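User: I am new to reading protein models and would like to go through this one step by step. Could you answer my questions and show the reasoning each time?

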Amino acid sequence: ANGIERPRDYVVSFHYNAKVEEHHFGRSHPMKPWRLQLTKQLILSYGLEYAMDMYKTRMATSDELALFHDREYLDFLAEVTPTNLLEKEKAAGKFNFGGESNDCPAFDGMWDYARLYSGASIHAAERLVNGQSDIAINWSGGLHHAGKSRASGFCYLNDIVLAILHLLKVHQRVLYIDIDVHHGDGVQDAFHSTDRVLTLSYHKYAGNDFFPGTGGVDENGPAEPDNPGARYSLNVPLEDGIDDEQYEWLFEMITGPVIEQYNPGAIVLQCGADSLGGDRLGKFNLNIRTHGFCVEFVKKTGRPLLLVGGGGYTPRNVARAWCHETALCVGADLIDELPMHVPYRQAFEGEANGDGKLYPSLHNNGVNRHVNRNNNAELKKLVAKVLTNLRYWKG
Ligand code: ZLM
Ligand code: CA
Ligand code: ZN
C-alpha cells in the first residue's frame, strides 16, 4: 500500500464477484451470503488486496456446469422460481427442492447466485492449472453437498467438483480436504470410483441425528473388487465439542501421512467455518487460529492450492476466519485490534460479538462451549483406523 516492495513467496489470487452478496435464501435461513460482504470488508480493511491478484469473476456457463451436472437438472435450476415451484412439483421432488425441508429454497436469483459461486471456483482452478497462481481463493464457493442432479444442504451446484475436474486436466492426483463441520458427501460421491481424487473430510458424525448422516469411518468408497476408488475416500467422524489441541493433533496426524503418501499434484481445501466455536449450526469448540492451522499446514506442503469457503453460520466469525486465512496465504500477520475504519464494525463489537478483536476467544466463559465428547484414547484409535486405508494404496 505504501509502495514498499516486499518479495512474495506465493502468488495468491482472490476470485470474487460482489453480486453473490446480494442474494437471500429467505427470512431466518441460516445461509447468509452477506457474510461474504463482511469477509471482504475485513480483508480490504487490513489491506490484504495489495498482496494478492484480485479478480472479478463471471458466472459459469451451462456448458461449464454440464461437465458435472445433468442438463435436465440445470434446465430446472434455470427455470424454477418461488412462484412456479408448485407447478413443477414432480421435478422439484426429483431434484430435492421444496418439500418439508426448506434447506434449498427456490429463491429469486438462486440461479445467478449458484452460477456466480461456481464461476469463481472454475476461474480459480484455471489460474492454478495455467501456473499463474500458487494459491487461489474463492470464499463464495465450497458448496460440497450438491449432486449431479440434486440440490442438498444449501448447495445447488457443486463448484468443488467442477474445480477438481479442471485440476485433473494437468494433475494426475488431486487431494480434497474438507474441514466444514458437515460431511463432504457430494464431492466424495462424485469421485467414489476413481483413485485420481482422494477425499478427506473431518466432520461431526451422529448417523441420522446430524446432517447429512454419511461419513462414518468405514465409508471408504464402494468396496467392489474392481473399483479403483475403493480406499480413496477417507472420513474422520467426530463427536461434539472437539477442542483446539485435539483438532490440530488429529489434522496433522492424518493429513500429514496422507499428503506424503498420496503425493497429490494439487490440493483443494474446503474451509467451512461452521467448525468454529459459537457457530449457529456447528457443534465444535474451535478457535480461529486452529481453523487457520489447517490452512497453514496444507500451504506449507507447497502444492498448488485452491481454498474455498463452505458453511459458517455466525457471520462475524466466518469473516474473521476467512480474513485470517487470506492473511496466512499471503504471509501477513494481522493485529488483533480490528482497523477502526471497518464498515459494519459494530457487527464485531461488544462482549457478545468479540470486542472489536480479530481473534476473540470463541467460547468466552464457557458460554458458547459445547461439552467435549471426544476423548484422546478414542481419537488415537480413530487415527489408526483412518490410516489403515493407506496400506492398501498401490505405490
Ligand atoms: N429442516 N429456515 C449444511 C447444511 C445443513 C435436514 C432438518 C429445516 C438447517 C436449517 C431452513 C427458515 C454446509 C437437515 C432441518 C428446518 C430438514 C440443516 C430455513 C433452520 C432453517 O430457519 C430455517 C424457515 C433452515 C435449515 C435450520 N438445516 C440446519 N441444518 C441441515 C442442512 C451445509 O455447511 O455443509 C455447506 C454449506 N438439514 O438437517 C432437515 C433434515 C430441514
Ligand atoms: Ca467436513
Ligand atoms: Zn457445514
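**Loops, sheet and ligand shell**

Analyst: Let us begin in the loop between α10 and α11, where Asp355 is found. Please keep in mind that this is a predicted model.

User: Is Asp355 buried, exposed or partly exposed?

Analyst: Asp355 is not a glycine, and yet its phi is positive, at about 55 degrees. To count as buried, a residue needs 20 or more other C-beta atoms within 10 Å of its own, and to count as exposed it has 12 or fewer. Asp355 has 15 other C-beta atoms within 10 Å, and therefore it is partly exposed.

User: Which residue lies 20 residues from Leu338 in sequence and 5.9 Å from it in space, C-alpha to C-alpha?

Analyst: Leu338 is found in the loop between α10 and α11, and it counts as buried because it has 21 C-beta neighbours inside 10 Å. When residues up to four places away in sequence are not counted, Leu338 touches Arg345, Phe348, Gly356, Lys357 and Leu358. The residue 20 places away in sequence and 5.9 Å away in space, C-alpha to C-alpha, is Leu358.

User: What is the phi of Asn263 near?

Analyst: Asn263 has its place in the loop between α8 (244-262) and β7. With 13 other C-beta atoms within 10 Å, Asn263 is partly exposed. Its phi is positive, in a residue other than glycine, and lies near 50 degrees.

User: In which order do the eight strands of the open sheet stand?

Analyst: Strands of a sheet pair through backbone hydrogen bonds, either parallel or antiparallel. Here the pairing is parallel. β2 and β6 (233-238) stand at the edges with a single partner strand each, so one side of each has no neighbour in the sheet. Read from one edge to the other, the order is β2-β1-β3-β8-β7-β4-β5-β6.

User: Which residue of β2 is the bridge partner of His15?

Analyst: Strand β1 (residues 12-16) and strand β2 (residues 53-56) are joined in the parallel sense by four bridges. Between these two strands the chain passes through helix α1 (residues 35-45), in a β-α-β crossover that is right-handed. The bridge partner of His15 in β2 is Tyr55.

User: Which residue of β6 is the bridge partner of Ser201?

Analyst: Strand β5 (residues 197-204) and β6 pair in the parallel sense, and six bridges link them. Tyr202 stands opposite Val236 in β6. For Ser201, the bridge partner in β6 is Asn235.

User: How many of the six residues of β6 are buried?

Analyst: On one side of β6, Ser233, Asn235 and Pro237 are buried, and on the other side Leu234, Val236 and Leu238 are buried, which leaves both faces covered. β6 is largely enclosed by the rest of the structure, because the number of its residues that are buried is six of the six.

User: About what angle does the direction of helix α6 (residues 159-167) make with that of β7?

Analyst: Helix α6 is mostly covered, as eight of its nine residues are buried, among them Asp159, Ile160 and Leu167. Helix α6 packs on the sheet and touches β4 (174-178), β5, β7 and β8. Its direction and that of β7 make an angle of about 170 degrees.

User: How many charged residues does the shell around ligand 1 have?

Analyst: There are 21 residues around ligand 1, of which Ser101, Gly153, His182, Phe211 and Gly311 come nearest. Phe211 also takes part in a cis peptide bond to Pro212, with omega near -5 degrees. Sorted by class, the shell has six nonpolar and twelve polar residues, and its charged residues number three.

Key. Residues are numbered from 1 along each chain as its sequence is written. Chains are lettered from A and ligands numbered from 1 in the order in which they are written. This is a predicted model: local features need pLDDT of at least 70, side-chain atom pairs count only at pLDDT 80 or more; totals for chains, interfaces and linings use all residues. Two strands pair if DSSP finds at least two bridges between them. A crossover is right-handed if, with the strands pointing away from the viewer, the path from the first strand over the helix to the second runs clockwise. Two residues are in contact if their C-beta atoms, placed from the backbone, lie within 7 Å. Axes are lines fitted to C-alpha atoms, for helices over the stretch in contact, and angles run from 0 to 180 degrees between N-to-C directions. A residue is near a molecule or strand if its C-beta atom, placed from the backbone, lies within 6 Å of it. Ala, Val, Leu, Ile, Met, Phe, Trp, Tyr, Cys and Pro count as nonpolar, Asp, Glu, Lys and Arg as charged, and the others, Gly among them, as polar.
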